[in-house]
Amino acid sequence: MCLAGFLLVIIIVEKTVTFKQTEYGLSAIFVLFLLFLPLVVAVIKEYKLLSSSSNIVSSTSSTHVSSSPAKIPTPDKVVPTKQLSCWQNVFKPPEIGEDFTVLQALFSFEMLTLLSSTTCGLGGMMTMIDNLGQIGTFFGYPLRKVTNFVSLTSIWNYLGQMSMDILSDVFITKYKHPYPLFLTLILLLSSIGHLIIAFNVPNGLYVASVIIGFCFGAFWSLIFTIISELFGLKYYSTLFSFGGLASPLGLYLLNVKVTGHYYDKEAKEADGGFGAKEEARAGLELRRRGVL
């Protein structure tokens with residue numbers, strides 16, 4: 001978190017102050033220091049383990065402990081139960097929080113809600129991140145600032161994962177707020193970022209990249225926790241894969257079928273229906289930037 005915060009500050013300061021080779025060198029040295037700082041934690045931990053193990057060996061060698069053999073309990077007779085087909089109890093799921101089977105979880109209303117929210121919410125955020133360079137170019141931002149948007153999104157993606165993990169645990173243990181409530185708030189917050197981009201607020205792409213990046217990271221930390229809380233841990237690895245499947249599905253539907261379709265359609269209309277698709281896109285960009 002310190003590394004992400006330092007990079008965030010450097011990106012902002014670099015836009016107002018001209019860095020020389022000395023400043024770049026000092027910042028790189030500090031970044032390397034933060035990267036290798038976890039080695040200090042590992043060395044301290046190993047030292048404590050070695051000192052504690054030596055104390056245990058010395059204490060056990062000075063004392064003699066005698067113990068009588070414990071009686072091994074005989075297991076009761078296991079009555080064989082009739083195995084039911086996996087399709088017979090699909091629509092008879094257990095209580096929320098217990099171990100669901102894969103089919104019970106996939107056909108449940110909770111899983112359908114999670115998959116739909118992931119497809120729309122996470123797909124929309126990934127579509128914005130994937131087209132961030134084109135959005136910044138259309139709005140007239142220079143190329144240097146467009147690269148800053150990508151960096152801000154990546155940094156706040158990490159900060160969103162870390163902070164949401166901590167905040168959700170605190171609010172659940174202290175105030176008994178459920179995980180789906182945080183997921184709903186994250187979706188609402190990401191909608192604000194989309195609206196800022198849609199209405200082209202002055203310098204709003206900075207704010208939108210921060211909001212979308214934070215929500216993108218927080219969403220990933222919440223969705224898989226909710227799956228484990230609702231459907232148990234017995235088949236968590238399989239349900240984990242199904243939960244992640246909604247992300248590329250949403251990206252394909254929203255980025256390719258929706259955004260890409262209307263983008264190509266507008267490009268063709270702007271070019272008058274003539275020329276190749278690449279020429280139409282280039283002409284649309286020039287018109288929006290006021291060159292043509």
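Helices here are DSSP runs of H or I with at least four residues, numbered from the N terminus. What you are looking at is a predicted model, in which local features need pLDDT of at least 70 and side-chain atom pairs count only at pLDDT 80 or more, while totals for chains, interfaces and linings use all residues. Residues are numbered from 1 along each chain as its sequence is written, and side-chain values use heavy atoms, with hydrogens and water left out.

Let's start with helix H7, which takes in residues 143-175. Its 33 residues should span 48 Å at 1.5 Å a residue (the expected span is 1.5 Å times one less than the number of residues), and the end C-alpha atoms are 45 Å apart, which agrees. Several residues of H7 are buried, meaning under 20% relative accessible area with a 1.4 Å probe and protein chains only; among them are Val 146, Phe 149, Leu 152 and Met 164. Which helices help to cover the buried residues of H7? They include H1 (2-14), H5 (109-130), H6 (132-138), H8 (179-198) and H9 (204-231). Just after H7, Lys 176 takes a positive phi of about 60°.

Helix H5 is also home to Thr 119. This threonine counts as buried because its relative accessibility is 14%. Beyond its neighbours within four places in sequence, Thr 119 is in contact (heavy atoms within 4.5 Å) with Gly 124, Ala 246, Leu 249, Gly 250, Leu 253 and Leu 254.

Next comes the largest pocket, with about 720 Å³ of space. Of the 31 residues that line this pocket, Thr 127, Met 128, Asn 131, Ile 135 and Thr 259 are the closest to its centre. A pocket is an open set of points on a 1 Å grid over the protein atoms alone, where a 1.4 Å probe fits, with protein on both sides within 12 Å along at least five of seven lines; lining residues have an atom within 4 Å of a point. H5, H6, H8, H10 (236-270) and H11 (277-288) each supply at least two lining residues, and H10 gives the largest share, 10 residues.

Finally, visit the loop between H8 and H9, where you will find Asn 200 and Asn 203. Most residues other than glycine have a negative phi. Asn 200, however, has a positive phi of about 50°, and the phi of Asn 203 is near 55°, also positive. With a relative accessible area of 38%, Asn 200 is partly exposed, a class that lies between buried and exposed (over 50%).

Note on methods:
Points joined across faces, edges and corners; volume = space filled by probe spheres on them.
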